[in-house]
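Welcome! Take a moment to look over the sequence and the 3D view, and then we will walk through the overall fold and some charged pairs together.

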Amino acid sequence: MSFLKAEWRKLAIANYAIDPEILSKYLPPKTELDLWNGTCYVSLVGFMFLNTKVLGLAIPFHRNFEEVNLRFYVKYHDKGEWKRGVVFIKEIVPKAAITFVANTFYKEHYQTMKMSHEWQEDKNSRSVKYNWTLKGTEHSFSVKAALEPSVIPVGSESEFITEHYWGYSKSNDTTTIEYEVTHPRWEAYEVFEHHINVDFGAVYGEDFSILTNMEPTSVMLAEGSTTTVESKRKI
């Protein structure tokens, strides 16, 4: 049985090129950075968890909620095969119980904040916005995109960003926690415009303050799908 099963929907993703040296201290043991055409990316990702179940059980008041995270991309060489995964700098959710479980059992870096979202459609476009509040200051990430999604092209940057199926977190200086994330290939909406109002230094730490005034290399809106997070193992 999967540890967690949920729908991840309307994933707004902003991708930033960053100096790999900034990420070196966050790199879990035995993993290495996974680059796209020689570029090291971090991504700001906002989305909805829907119909969430933990170990097959729907927890009251914890089924539907927002998440916003900052992540980067790694790979791990396992028995002759490269596994491509993500490492989270921080994951923000509005539910303290989610934070406790993820940080305790998966050594992740969740933080609980007040959050909200807005999904709207008109005859020409859809709008998706995620909001979160830290110490009285509101941060937000919004996109305006096409109404209908299309297939993400093979070999594209969008494929690189969305097709990482493992999660890695640093347990200690010598041990890494690995878990598999399963979902079908996603479709994405053409993005017309975006607005990012985030103090990255305040939310994610001084190492990432340079992102506050940086324009992302690309912005996506993926539809998402039913997703599972499988049981962890130590490597």
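A salt bridge is a side-chain nitrogen of Lys or Arg within 4 Å of a carboxyl oxygen of Asp or Glu. With that in mind, find Glu7, Arg9, Lys10 and Glu223, which salt bridges link into a network. Please remember that you are looking at a predicted model.

**Overall fold**

- Four helices and 16 strands make up the secondary structure of the chain.
- The chain is as compact as a globular protein of its length, because its radius of gyration is 17 Å and the globule rule gives 18 Å for 235 residues.
- Along the principal axes, the C-alpha atoms occupy a box of roughly 50 × 45 × 40 Å.
- If you take the contacts between residues at least 6 apart in sequence, 69% of them join residues at least 24 apart.

**Inside and surface**

- Of the 235 residues in the chain, 51% are buried.
- The chain has an accessible surface of about 11100 Å², and carbon and sulfur atoms account for 51% of that surface.

**Charges**

- The chain carries 26 positive and 31 negative charges, and the mean positions of the two groups are 7 Å apart.
- Side chains of opposite charge can pair when their charged atoms come close.
- In this chain, the count of salt bridges comes to twelve.

**The network around Lys10**

- Glu7 and Arg9 meet through their side chains in a salt bridge, with an N to O distance of 3.0 Å.
- Lys10 pairs with Glu223 in a salt bridge whose closest N and O atoms are 2.8 Å apart.
- This pair ties together parts that are 213 residues apart in sequence, because Lys10 belongs to strand β1 (residues 4-17) and Glu223 to strand β15 (residues 218-229).
- Are Lys10 and Glu223 buried or exposed? Both Glu223 and Lys10 are buried.

**A bridge to strand β16**

- Asp78 and Arg233 form a salt bridge, and their closest N and O atoms are 3.1 Å apart.
- Asp78 sits in strand β4 (residues 65-78) and Arg233 in strand β16 (residues 233-234), so this salt bridge ties together parts that are 155 residues apart in sequence.
- Asp78 has a relative accessible area of 12%, so it counts as buried, the cut-off being under 20%.
- Arg233 has a relative accessibility of 35% and therefore counts as partly exposed.

How values were computed: Residues numbered from 1 in each chain as written. Predicted model: local features only at pLDDT ≥ 70, side-chain atom pairs only at ≥ 80, totals over all residues. Heavy atoms only, no water. Helix = DSSP H or I, 4+ residues; strand = E, 2+ residues; numbered from the N terminus. Rg over C-alpha atoms; globule rule 2.2 N^0.38 Å. Buried < 20%, exposed > 50% of the residue type's maximum accessible area, 1.4 Å probe, protein only. Contact = heavy atoms within 4.5 Å. Areas by Shrake-Rupley, 256 points an atom, 1.4 Å probe, with all protein chains shown as cover. Lys, Arg positive; Asp, Glu negative; His and termini not counted. Charge placed at Lys NZ, Arg CZ, Asp CG, Glu CD.
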